[in-house]
Every structure is written in structure tokens, then in C-alpha cells.
Amino acid sequence: MATEKMGFNSTVIHGGGASDPLGSAVTPIYQTSTFIFENADHGAACFSGESDGYIYTRIGNPTIRDLEKVIAQLEGGYDGIATASGMAAVTTVYAALLSQGDHMVSHNAVYGPSRGVMDSVFSRFGIQSTYVDATDINHVKDAIRPNTKLIYLETPANPTMGITDLEAVCKLAKAHGIKVCVDNTFCSPYLQRPLEYGADIVLHSMTKFINGHADVVAGMLVTSDKELYQQLRTVLVNMGGNMDPHQAYLARRGVKTMGIRIDRAQESALRIAEWLEKHPKVEWILYPGLPSHPQYELGKKQMKGPGCMISFGLKGGLDAGKILMNNVKLAILAVSLGGIETLIQHPASMTHSKLGPAKRAEAGISDGLVRFSVGIEECEDIIHDLSQALDKIPG
Ligand SMILES: *Cc1c(COP(=O)(O)O)cnc(C)c1O
């Protein structure tokens, strides 16, 4: 069992909270939709909350509870709520905290679907939203209205790598009685714990660093207090965005190596970033571990390390980006991030191709921008792969 004093790399293994009556060392998969009541009184006690017995998997399940508890311990929060995907976590937060006529302030480089679902679904229920460059706290301050109920952030943001001052935003929000939710997917609790800076909710796509093996889609919410936990839990249970036990088992296994995976990938990421910064085909690079990053000092203050994600720009724009994508051999050409395998993505020709050049420029996505998620392969092999592919770009 976890104790308060255990460090991160012990908690990932021994934290959580499921105990198997048969003594299984690893939390088993309780692949069941429903749970047997001992008798009518026990059933009644489970429903009233007097007993914490399980009822039905949409409401709770021991495999899922283990995962929820370990992530809550790692984030330093009250408790966790596992969701079917990162987006199920996002929509749970919106639905729980925003009512008709309410307003949300968010970052203009927030994960695309987090904005998309607000614009296409929640707006139809009379919810308003404003997107600003939250790396400047004054933009957030100016966007606050009397009906603002939620500040929804992502730091570092994707793929511009802009860092938002968590302590400053949380202070501002508290002064206005506004809740703060931070999407911590890019960092994982290993590198950043937003609740420590005053955030109310931490959100994860566990699909990325927490599971880390590119074989599960899953999400998690961790709250700072019980009231918010119950509010979010009720919405999730009633809207049905719950996790599945098998998904929870795989994610729980991924959690155990989170620290060592990130240490390894981050060490390579810094070396690769330093190498890319000097490469003649590279126009610019954004990596929080390089002193050239505009918020280098802030990153050092609020993140335990600069992470494993690199954005860089190619001199030859769109064509150069396509040549790089078509010539990498080790790096996998795919969206997503945070896995043990190195992934490369070219937003202008891939994720953001539909936006068109003008809107891409507005979102800070230039045609030569490449997003690189560093895996745990040999660093020399990753650099060699990038090097031979960059050499194919003319000029
Ligand atoms: C992937 C991602 C999400 C969405 O998570 P899914 O698990 O794909 O639903 C949300 N935020 C960020 C930053 C992400 O990278």
C-alpha cells in the first residue's frame, strides 16, 4: 500500500488501492458489468453510500478504482475519475462546470478537439468561450467576464509549446471565484503537478505519457477536493463516459514505468533538441529545455523537467515537411505522443491541413512546423534517422 512518504517511482508501483481477496500481486481485471449484493440490506447500503461496495461498472469497478487512486496520489489530489478517453474527461469537465449563459476562458493553442467540442456542441447549449494566448496572463485577465466560470488551460500547449504561469493564473482565478482545469497530458504528474499551484482539476489523456505504450485510449480527472470530485463523478456516471476494466488494467501497467520512461526519453529529447538547434535545415526550435525557449525560466520553475516533446520549423516550409515525413525510417509517422516509440507529425500536411494557411498562421502553426515525440529508443538511432531524412531536403 502507498504511504504518504513514498516517492514517485515507488508510488507508481505500490500506490493505488485495490486489494484482491485471493492475493494476486497485480490488480486483476474485474471484467464484470455488475456486482452481487449479499442481501437486500447490503444492496440498499451500497446505493445509499453507507457501504463502499461495488454496484455496476459504469459507477465503479475495482480495477478502475486502483488506477484512479494511484493517479490521484501522483497528482497530490483528493481522488481520481477515470474516463473512456481524454476527450470524455474534457466533456465531463465542461458539462459539470458550465451551465447555460456561463463563459469559459481557454488557451488559443489548446488541443484541437477540446476547442472543437466547445464550438460545435456546448455552444448550442448557450455556453460562451474566449480563446487567448494564455502565455501572457494579461490576456487571460482581460478575457474574464462576470459570467466566467472556468479557465481551461494546457501547458505546455500543443504544438506551439507555449508555457502558462500556473501560479499566476490560479491566483487570478481564485480572486474571481473561477475554477481552473489544467490539461496536464504533455507533462504527466512526473513533470508537473498543477494542483500544487492552486488548480482545481487536473486532466489527462492517459493515452499519452501515463499509459505510454500506444495501445490504450483513456482519460483521467483528479480534483483538489471532495465536492468537485462528487460533482464530476455524478456527471461522468450519468453521461456514460466511463472507462472499461481491461483498459484500466493496461493503463495501470503503463503507470508503473512512467518515471523511468520519461527520464529516458527526456534525456534524449534534450540531446536531440540541442542537435536540431544547430542543424542548417532547421529554422527554429521550441523545446522548454533550451535557453532559447521564450518561457525557459518559467518552465524550469513549474516543471520538474522539460519533457519529451519538441516542435521545430524547417526552412523549406510545406515541401520540406513532406520530404522529412516521407524519409524518416525509425520515427513513426503518426499522430499522438508520449509513447515508448518516437513519433513524428507535420501539422500543415496532416492534423491541421484542413484549416488552410491563414487559420494555421493564426494558431501559430507555420507550414514548416514539425512535432516530434521522443521515444525511448537509442538516442543515436533517433538522431541518425532525423539526420538522414533532413539530408533529403534540398538546399
Ligand atoms: C490526446 C490529447 C487529448 C485527448 O485525449 P484522447 O485520449 O485522445 O481522447 C487531450 N489533450 C491533449 C493535450 C492531448 O494530447
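Where is the place of alanine 214? Let's warm up with that one, then work through some exercises.

The model is predicted, so local features need pLDDT of at least 70 and side-chain atom pairs count only at pLDDT 80 or more, while totals for chains, interfaces and linings use all residues. Residues are numbered from 1 along each chain as its sequence is written, and side-chain values use heavy atoms, with hydrogens and water left out.

**Exercise 1. Locate alanine 214 and describe its backbone and its exposure**.

Step 1: Alanine 214 sits in the loop between β6 (201–205) and β7 (219–223). Helices (H or I, at least four residues) and strands (E, at least two) are DSSP runs, numbered from the N terminus.

Step 2: Now the backbone. Phi of alanine 214 is near 55 degrees, a positive value in a residue other than glycine. For background, most residues other than glycine have a negative phi.

Step 3: Alanine 214 has a relative accessible area of 58%, so it counts as exposed. The cut-offs are these: buried is under 20% relative accessible area, exposed is over 50%, and partly exposed is in between (1.4 Å probe, protein chains only).

**Exercise 2. Go through the loop between β4 and α7 and pick out its backbone features**.

Step 1: Start with the prolines. Proline 156 lies in this loop, and a cis peptide bond joins threonine 155 to it, with omega about -5 degrees.

Step 2: Proline 159 is in the loop too. A cis peptide bond links asparagine 158 and proline 159, and here omega is about 0 degrees. Keep in mind that most peptide bonds are trans.

Step 3: Next comes methionine 161, also in the loop between β4 and α7. Its phi is near 65 degrees, which is a positive value in a residue other than glycine. With a relative accessible area of 2%, methionine 161 is buried.

Step 4: Finish with threonine 164, found in the loop between β4 and α7 (166–175). It counts as buried because its relative accessibility is 0%. Leaving out residues up to four places away in sequence, threonine 164 touches several residues, among them His107, Thr155, Leu298 and Gln302. Contact means heavy atoms within 4.5 Å.

**Exercise 3. Is isoleucine 151 buried or exposed, and what does it touch**?

Step 1: Find isoleucine 151 in strand β4 (residues 148–154).

Step 2: Its relative accessibility is 0%, so isoleucine 151 is buried.

Step 3: Not counting residues up to four places away in sequence, its contacts are Val105, Val140, Ile144, Val169, Ala173, Ile178, Lys179, Val180 and Cys181.

Step 4: Check a distance as well. Isoleucine 151 and glutamine 100 are 51 residues apart in sequence, and their C-alpha atoms are 16 Å apart in space.

**Exercise 4. Describe how helix α3 packs with helix α10**.

Step 1: Two packed helices are described by the angle between their axes and the distance between the axes. Axes are lines fitted to C-alpha atoms, for helices over the stretch in contact, and angles run from 0 to 180 degrees between N-to-C directions.

Step 2: Helix α3 (residues 62–75) and helix α10 (residues 245–255) pack at about 35 degrees, and their axes are 8 Å apart.

Step 3: Who meets whom? The α3 side includes Thr63, Leu67 and Leu74, and the α10 side includes Pro245, Tyr249 and Val255.

Step 4: Sorted by class, this contact of α3 with α10 has 10 nonpolar, 1 polar and 2 charged residues. Ala, Val, Leu, Ile, Met, Phe, Trp, Tyr, Cys and Pro count as nonpolar, Asp, Glu, Lys and Arg as charged, and the others, Gly among them, as polar.

**Exercise 5. Describe how domain 1 and domain 2 meet**.

Step 1: The domain assignment gives domain 1 (8–255) and domain 2 (258–390). Such bounds come from an automatic or database domain assignment.

Step 2: The contact takes 35 residues from domain 1 and 34 residues from domain 2.

Step 3: Over C-alpha atoms, the centres of domain 1 and domain 2 are separated by 27 Å.

Step 4: About 2,900 Å² is buried between domain 1 and domain 2, and carbon and sulfur atoms give 61% of that area. Buried area is the accessible area (1.4 Å probe) that two parts lose on being put together, summed over both.
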